[in-house]
Amino acid sequence: MPVSDIRDQDVYSLVKRLPGVYYRCQCDNAWTMLMITPGIEELTGYAPENLIDNQDLAFSDLIHPDDRAFCQRVISEALNSNRPYSLQYRLCALGGEEHWVWEQGIGIYDTDGTLQYLEGFLSDISEQRRTEENLFELVSEQRRELALNHRLLEQYKRAVDSSAIVSKTNIQGVITYVNDEFCRISGYKRDELVGATHALVRHPDTPDSTFADMWRTIRAGDVWKGVIKNRNKRGHAYYVNSTMVPLYDESGDIREFMSVRHDVTDLIEKETQLRRQTTDALTGLPNRQKLLSDMVNCQDCALALVNIIDFSEINEYFGYRTGDRLLQRLAVLLDSSLEAGMQLYRLAGDEFAVLVNNNVPLEHFEQFCEQLIRIVERRGVKVDDQEFSISIAVGAACGENAFIEADIALHSAREHQRSFEVFDSDSRLKQQIESNIRWVKRIRDAIREERITVFAQPILEAGTGRVSKYECLMRLVEADGSVVTPYFFLEAAKRARIYTSLTRIVIQRAFSFFANREDEFSINLTARDILDEMTAELLLGEAERLGVANRLVLELVESEGIENFDEVSRFIERAKKIGCSVAVDDFGTGYSNFEYLLKLDVDYIKIDGSLIRHVDEDKNARIVAETVVDFAKRLGLATIAEFVHSDSVQAVVEEMGVDYLQGFLLGEPLPLDQLASQPSPCLANTPVLVERCLGSEV
C-alpha cells in the first residue's frame with residue numbers, strides 16, 4: 001500500500017475515494033511524495049508506488065518544464081507567508097498528453113513551528129481549462145471582430161464625411177451635427193449651423209409640400225429620398241440628392257434624424273442646359289433637335305409640319321413682341337387639340353410639328369390634320385385685345401422619311417396655295433425626294449473622298465478698292481471636276497443631318513489655310529451650327545489653337561432664323577472673348593428685325609443681295625438699304641454690300657456710305673489653293689461650272 005508513515009488507515013481509505021489526487025510530500029525540490037492516492041494513475045498514467053520516495057521518478061518530473069519555476073515560486077511565497085497555496089499548472093502524462101490541474105495545499109508544522117511536510121489536493125481541470133480557453137478565444141475573436149468593425153465604421157464615416165454632406169438633427173429638427181462638407185457647400189460655419197434648423201439653407205423655390213412629405217415619412221420611421229434645392233450663405237442655389245433616416249434608441253423610439261446628401265448641382269445644371277437645347281425657349285415645346293432625336297427610333301411614325309400663312313406680315317405690322325405672344329397662344333391651341341399619342345413641337349419661327357409615334361393609319365392622320373386646320377381658322381388667336389384670324393398650311397407624311405417628305409408636302413402646299421397636302425409616293429413629290437436622296441449620297445461620297453472644298457471671295461474697302469478680307473464659301477467638287485454651290489445640296493444635307501459635318505470641314509480647312517497668312521477671313525454659321533456643341537467647341541478651340549481668332553469674322557446667316565437668342569448670345573460672347581468679330585449675314589431677309597439685331601453684339605451688317613442687286617434701279621430697295629446703313633452707322637457698325645455686280649450698283653452703294661463691297665464685279669470666289677499661289681489678291685474670274693444663284697455664298 002502506497003502509504004509512508006501513515007498509520008491512520010481509515011483516513012487513507014477515505015481520501016483515496018475522492019475525485020482527484022490527495023498527497024503528502026516533503027518540501028524539497030523534487031516534491032518527494034510520502035503518500036499519494038491512486039487518482040494519480042488515472043491522471044498521469046503513473047501508479048502511486050512509482051512516485052513514493054521517488055522510486056521511479058519525482059513528482060517534479062511530471063510538472064511541465066515551463067511551469068516548474070512558477071510552481072516553486074507560488075508555493076514558496078505561500079509557505080513564507082504561512083498561508084495556504086493555490087495554483088494551476090500542467091502535468092505531463094505517461095503518453096505525452098498534458099493535463100491542467102488545480103492544486104490546493106498547506107504546510108504542516110510541528111508544535112515548535114517547524115515545517116514537517118505539505119498536504120494538498122490536485123483536481124483535473126483540463127476540460128474546464130479547454131472550455132475557458134475556447135471561451136477566451138471566442139471572446140478574443142469577438143473583440144477582434146468588434147475592433148475591426150469599429151475601425152471599418154470609422155473608415156466608413158471618414159469616407160462618407162469626405163464625399164457626402166452629412167447632418168443630424170434632434171426630433172424637433174434642430175441641427176446637432178454637421179460635417180465639413182456641409183459647412184463647405186453651405187458657406188456657414190459649424191457654430192452657425194448647430195442649434196439652427198435646415199430652414200437656414202432652404203431655397204424658396206422648394207415647395208412646402210416637399211418638406212411636409214419628408215417629415216411625414218421620417219417621423220413614421222421610414223427612409224425619405226429626394227432632390228432638394230438649397231441656397232448657401234451667399235444666396236447661390238445648389239442641389240442635393242438627400243437620403244434622410246430616423247435613428248432609434250435602445251427602447252426603439254426615434255431619437256434623432258440623420259441626413260446624407262450628395263451635391264448634384266452639376267448634373268441638374270447640365271440637365272437644364274440639355275433641356276434648353278432641346279426645348280423651344282418661347283413656347284416651352286420640344287424643338288427641332290428634340291423632334292429629330294425622337295424620330296430616330298420611330299419606324300412607323302406620322303408627322304405633320306404646320307406653318308402659319310403670312311405670319312411675317314403680323315411681325316412686320318404689329319412687331320415681333322406681338323408675334324411671339326401669338327406663337328405662344330397658338331402653341332396652346334394646337335397642343336389642346338392633339339389626340340392621345342401625339343406630341344407637338346416648335347421647329348423654328350412660325351413652324352410647328354405634330355408627331356405620332358404609334359402606327360396610325362394615314363387616312364385617320366389626314367382627317368386629324370384637316371380638323372386641326374379648321375379648329376385654328378375657326379377659333380383664331382387673341383393677343384391682349386387684338387383678335388387674329390390665323391390660317392395654317394400643313395404637310396403630312398408617314399414612315400422613316402417622314403420629316404423630309406412632310407417638308408416637301410408643306411412646301412408644295414404653300415407653293416400651290418393649298419392648306420393641306422400629304423406626301424404621295426406616286427406624285428412629283430416622290431421624284432423630288434428621290435432627288436434629295438441622290439444628293440445625300442453625292443454629299444456623303446464627297447465627304448468620304450474629300451471633295452468638299454473651300455473657295456474664298458474677296459471683300460473690298462469702299463472707295464479704296466483694297467482687299468480687306470475674304471469670305472470662305474463651301475463648294476462640292478463633283479468627280480468630273482465641276483463645282484457645285486451649296487444652293488443645290490445644302491437643304492438635303494440639313495434634312496439628312498449631315499450639315500454640321502460640312503460646317504466642320506469648312507472650319508478645319510479655312511483655319512488651316514489662313515493660319516499661315518495675315519488676311520482677315522470670315523466663315524458662315526447658322527443657328528444650327530452654334531447650337532451644335534461639337535461644332536461650336538471645334539470652332540472656338542481651333543481658332544485659339546491656330547491663332548486666327550483675331551482675324552476671324554463669324555457671319556451669322558440671318559435667313560436661317562436666330563430664335564435661340566440666349567444660346568446665340570452666349571456663343572457670341574465666348575467668340576468675342578477670344579478676339580473674333582461677328583457679322584449678321586443676309587440682313588434684309590428672313591428675321592431682319594432691328595430689335596433682334598440690338599440683342600446681338602455684332603460688328604458688321606451684310607446687306608442681302610436681294611436689296612443690293614437692284615439698288616440702282618429700285619427706289620424702294622434703295623430706301624431700305626439706306627435705312628440699314630444709317631441704322632448701322634448710328635450703332636457704330638460697319639456695313640458690307642453683297643451682290644455688287646455692276647458699276648452702277650457699286651456707285652450707288654458707295655454713295656450710301658457702305659463700308660465694304662463684295663460681288664462678282666469685284667472678284668469671284670477662288671479655290672484656296674489658287675489664292676495661296678498669289679502673293680496679292682487676284683480678282684480674275686474663275687468659272688463655276690453650275691449656275692450661280694442668289695444666296696449661294698453659304
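In the predicted model, Leu-355 touches a set of residues outside its immediate sequence neighbourhood, namely Leu-291, Asp-294, Met-295, Cys-301, Ala-302, Leu-303, Gly-341, Met-342, Gln-343 and Tyr-345, where residues up to four places away in sequence are not counted. Of these contacts, Tyr-345 lies 10 residues from Leu-355 in sequence, and the C-alpha atoms of the two residues are 8.0 Å apart in space. Leu-355 itself belongs to strand β13, which spans residues 351-356, and Leu-355 counts as buried because its relative accessibility is 0%, the cut-off for this class being under 20%.

A second strand residue, Ser-123, is located in β5, which comprises residues 115-124. Ser-123 is likewise classed as buried, since its relative accessibility is 18%, and, when neighbours within four places in sequence are left aside, Ser-123 is in contact with Trp-100, Val-101 and Trp-102.

Two packed helices are described by the angle between their axes and the distance between the axes. For helix α24 (residues 619-635) and helix α25 (residues 647-656), the axes come within 10 Å and cross at roughly 40°; α24 and α25 are therefore oblique to each other, and their crossing is right-handed. On the α24 side, the contact is formed by Arg-622, Ala-625, Glu-626, Val-629 and Lys-633, which meet Val-652, Glu-655 and Met-656 of α25. The residues of this contact between α24 and α25 divide into four nonpolar and four charged, with no polar residue among them.

Note on methods:
Residues are numbered from 1 along each chain as its sequence is written. This is a predicted model: local features need pLDDT of at least 70, side-chain atom pairs count only at pLDDT 80 or more; totals for chains, interfaces and linings use all residues. Side-chain values use heavy atoms; hydrogens and water are left out. Helices (H or I, at least four residues) and strands (E, at least two) are DSSP runs, numbered from the N terminus. Buried means under 20% relative accessible area, exposed over 50%, partly exposed in between (1.4 Å probe, protein chains only). Contact means heavy atoms within 4.5 Å. Axes are lines fitted to C-alpha atoms, for helices over the stretch in contact, and angles run from 0 to 180 degrees between N-to-C directions. Angles under 35 degrees count as roughly parallel, over 145 as roughly antiparallel, 65 to 115 as roughly perpendicular and the rest as oblique. A crossing is left-handed if the near helix is turned anticlockwise from the far one by less than a right angle, and right-handed if clockwise. Ala, Val, Leu, Ile, Met, Phe, Trp, Tyr, Cys and Pro count as nonpolar, Asp, Glu, Lys and Arg as charged, and the others, Gly among them, as polar.
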